[in-house]
Number of protein chains: 2
Amino acid sequence: MAAYPAQPAGAMKPPVPHVPAGEMLKLLDELAAYSAPGPGVTRLLYTPEWQGVQHFLQERMAGLGLEVRMDQVGNVYGTLAGSQVSDKVILTGSHIDTVVNGGRYDGAYGVAAAVTALHYLLETFGPPLRTLAVVSFCEEEGSRFPLTFWGSGNVTGLYSGKECIDCTDADGITLGAAMAACSLAGDEGLAAEAAAGLEQSFWRNSSPVRSDIAAYVELHIEQGIILERTSRKIGVVQAIAGQRRYLVKVGGTANHAGTTPMGLRQDALAGSAEMLLALERSALAEGDPLVATTGRLEVYPGTSNVIPGEVQFTLDIRHSEAGVLERFCAAVLAEFAELGRRRGLTLEVQPLLETAPAPMDQELRGALEEICLRQEKPYLSMVSGAGHDAQLFAPRCPAAMIFVPSRGGISHSPGEYTSPEDLAAGLEVLTAILYRLAYAEVT
Amino acid sequence: MAAYPAQPAGAMKPPVPHVPAGEMLKLLDELAAYSAPGPGVTRLLYTPEWQGVQHFLQERMAGLGLEVRMDQVGNVYGTLAGSQVSDKVILTGSHIDTVVNGGRYDGAYGVAAAVTALHYLLETFGPPLRTLAVVSFCEEEGSRFPLTFWGSGNVTGLYSGKECIDCTDADGITLGAAMAACSLAGDEGLAAEAAAGLEQSFWRNSSPVRSDIAAYVELHIEQGIILERTSRKIGVVQAIAGQRRYLVKVGGTANHAGTTPMGLRQDALAGSAEMLLALERSALAEGDPLVATTGRLEVYPGTSNVIPGEVQFTLDIRHSEAGVLERFCAAVLAEFAELGRRRGLTLEVQPLLETAPAPMDQELRGALEEICLRQEKPYLSMVSGAGHDAQLFAPRCPAAMIFVPSRGGISHSPGEYTSPEDLAAGLEVLTAILYRLAYAEVT
């Protein structure tokens, strides 16, 4: 790959691109304004605030000279056509949706930085040699419908769109109805788009599936505390951890809390407590990057004077290596079975989710590390424990992820925060890698 | 106390009274018919089915020759006036309310047996020397309003009635409104009562407080598995266990399940699991009759991919000796504090309930054991882990409880069952002790 940027003669250190971080910070403010009422940012798929932000982004990107379109599920693209290679696309961006009462940075940062980077590159270097595009994925969080990665999943073929049309949100509204309501709302938007020369952006016109992605690069907040604890400014993601999720049902005998001696109980909660501690012990013994969590646990009948007859709890287990994940899950479930057996409890384990670890492209990782060294940004090569859109591209094309620190590791919360300096550092690294990918000479 | 019954000359074994168990079993069937729809028996305070059963009992008892009245909160009495002592009452009975989808025996058995015993004693021996009465307490379970022991509590002064008038059921109906609705419903009942010569039974006319109780004897199903496991027919209750209930709040840090390494977590659920196991271990070490239970546990935010930031759980701890209960609770809560401290978790403990152990009257226990020996019924002197109306009388007058086996220890369930033979055995013991108390010569 070509060195970037061309070094001015006599300079001891290569210059860092003067990317206008202020433009990105202002854009982040503008995006955060599209939110349902309440603390933090709430921007759920196909809601009015979601429609507002995707229309705003189309207008903004068109104004910056990008070619804009929205596909059938609501992903928004802003493209700079390559002057030499235009049948493949260098794609960068993230998701525009949030969790309920989420933060300003999760997803939105990757979109705002990508728009700013493309604007800077176009202004500074003119059109790229290879086609370069921003994407604002419609959905990643699964917060309204149980459709995690709905945006990138439709692009990469995880979803076909149609099989999910009847799934419902918490108010019983189907995905299909929510999309249809957007189309109606879009009629107003349509007039504005037509006025802005954006006829092609109306989403009914474009299939979401893409087979023309040459590389995918995503900039994101870490949502963890590792960069802060290690005093690094940039995380170069080695791999996105694979996940297994299970629902575990432990069955005992509900009985009177006063009249059943301790020795004659089959207490489903006491048994579950033993399983949770075994899980924690095993995860600590396995060591990083393995994480294992029970986030939900329900007790039945759930009355203070009745011995629990049934407990249901979730398991969320993650690791960057498929073999380790497989071995760990098998060992934990075998231990659960043994603990249940000893207490006369029944055990039922239902797999809920299984995603494979997604290794990031080695060449792109090398390029990112080199950029960090050149820009004198302390970086850490690290595993992402959280899922990201990049994991859907990793099996299909070279994919890369760049992290910036999250203060206190807090995310999915109004308290989510990354300093302007750290946000700017991530933007500089993103811009540099996009330059390498889209402006390097075609050989 | 006088031996009972007088032994026929030449008999090697004293005869068991020929109490008509069939009459009691039929009455149990009749009582079970007053139920809201659904499995088992549901008869909540002041509901139509509750009103029905209390009116039915008044009519039945009046028909058997008892003097009937209902007090202001809905307790129903059937009295046989003593021919020699009538300013004090030997009281027997239990509660007529049930839990939701409860069984046919919990409470109702003690009422049906008491009515049958008084009918038998009156028919066989005429009016008692001392006044003898059946009570059908309006409420003991706390299933509709949070007013456990509402019936016996008003009789013994635990409640004054008025301070609870605004507490509400799950539908937001106040206790006062529920009582007023009964009074209205009672107007129809009133006509029937007037026709039956029961004018005095309308509950607005009679204060529930009583200071004239000479002794209280309650027959009840065990609701536990101890009699079945030890092959005994009768339990002579030594004491009703004291209870402490607490709400424990464990505070940690909610965080992303994927991005927070195991070593950097303050997981409120893992900490709670450690506390629950410590509780179980301590209770097993203390030994019977100590029981300790967590029946309710809630996790916040309760999402599978978020480390629990807060857990709330209940503690229900019981023992028959106040000193042991005090010591055990203090030790467990100190251990919780230490476990929380080690994990960097906050701990907040809120006492919810504290009832003192209620020892049953020693003389009455001796008399009951003698009766069991004479009637050749294998009995067990035992602690009641469950609370009962008798515990409210124990500090005020001699009180006694008789248990019969519960199949499989199951109670508060449509599966609650005691065999007709075991029900009859309990009736025979109850009848014998009532004879001793009410028919023995006044000295």
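Colleague: Let's start with B:Arg60. Which helix of chain B is B:Arg60 found in?

Modeller: B:Arg60 sits in helix α2 of chain B, which covers residues 48-63. Keep in mind as we go that this is a predicted model.

Colleague: Is B:Arg60 buried, exposed or partly exposed?

Modeller: You read that from relative accessibility, with buried meaning under 20% and exposed over 50%. B:Arg60 comes out at 25%, so it counts as partly exposed.

Colleague: What does B:Arg60 touch, leaving out residues up to four places away in sequence?

Modeller: Its contacts are B:Leu27 and B:Glu30. For a sense of distance, take B:Leu279, which is 219 residues apart from B:Arg60 along the chain. The C-alpha atoms of B:Arg60 and B:Leu279 are separated by 49 Å.

Colleague: On to the two chains. How is chain B laid on chain A?

Modeller: The general idea is that two copies of a chain are related by a rotation about an axis and a shift along it. Here, a turn of 180 degrees with a shift of 0.0 Å along the axis lays chain B on chain A, and the RMSD is 0.1 Å. The two copies are therefore related as by a two-fold rotation axis.

Colleague: Which residue of chain B comes closest to that rotation axis?

Modeller: That's B:Ala273, whose C-alpha is 2.2 Å from the axis. The same surface serves both copies, too: 100% of the contact residues of chain B recur in chain A.

Colleague: Now the second largest pocket. What lines it?

Modeller: Its lining has 40 residues, and those nearest the centre are A:Glu140, A:Glu141, A:Thr148, A:Arg245 and B:Asn305. The space in this pocket is about 1100 Å³. By class, the lining has 17 nonpolar, 17 polar and 6 charged residues.

Colleague: Which elements of chain A each supply at least two residues of that lining?

Modeller: They are β7 (242-251), β13 (346-355), β14 (358-359) and α10 (390-393). With 3 residues, β13(A) gives the most.

Colleague: Last topic, cysteines. How many disulfides are there over all chains?

Modeller: A disulfide is a covalent bond between the sulfur atoms of two cysteines. To count one, you look for a pair of cysteine sulfur atoms within 2.5 Å. By this rule the count is 0 over all chains. Take A:Cys397: the nearest cysteine sulfur belongs to A:Cys138 and is 18 Å away, and A:Cys397 is in no disulfide.

Colleague: Are A:Cys397 and B:Cys372 buried or exposed?

Modeller: A:Cys397 has 8% relative accessibility, so it counts as buried. B:Cys372, at 0%, counts as buried as well.

Definitions and conventions. Residues numbered from 1 in each chain as written. Chains lettered and ligands numbered in written order. Predicted model: local features only at pLDDT ≥ 70, side-chain atom pairs only at ≥ 80, totals over all residues. Heavy atoms only, no water. Least-squares fit on C-alpha atoms with pLDDT ≥ 70 in both. Contact = heavy atoms within 4.5 Å. 1 Å grid on protein atoms, 1.4 Å probe; cavity = no way out; pocket = protein on both sides within 12 Å on 5 of 7 lines; lining within 4 Å. Points joined across faces, edges and corners; volume = space filled by probe spheres on them. Helix = DSSP H or I, 4+ residues; strand = E, 2+ residues; numbered from the N terminus. Nonpolar A, V, L, I, M, F, W, Y, C, P; charged D, E, K, R; others polar. Buried < 20%, exposed > 50% of the residue type's maximum accessible area, 1.4 Å probe, protein only.
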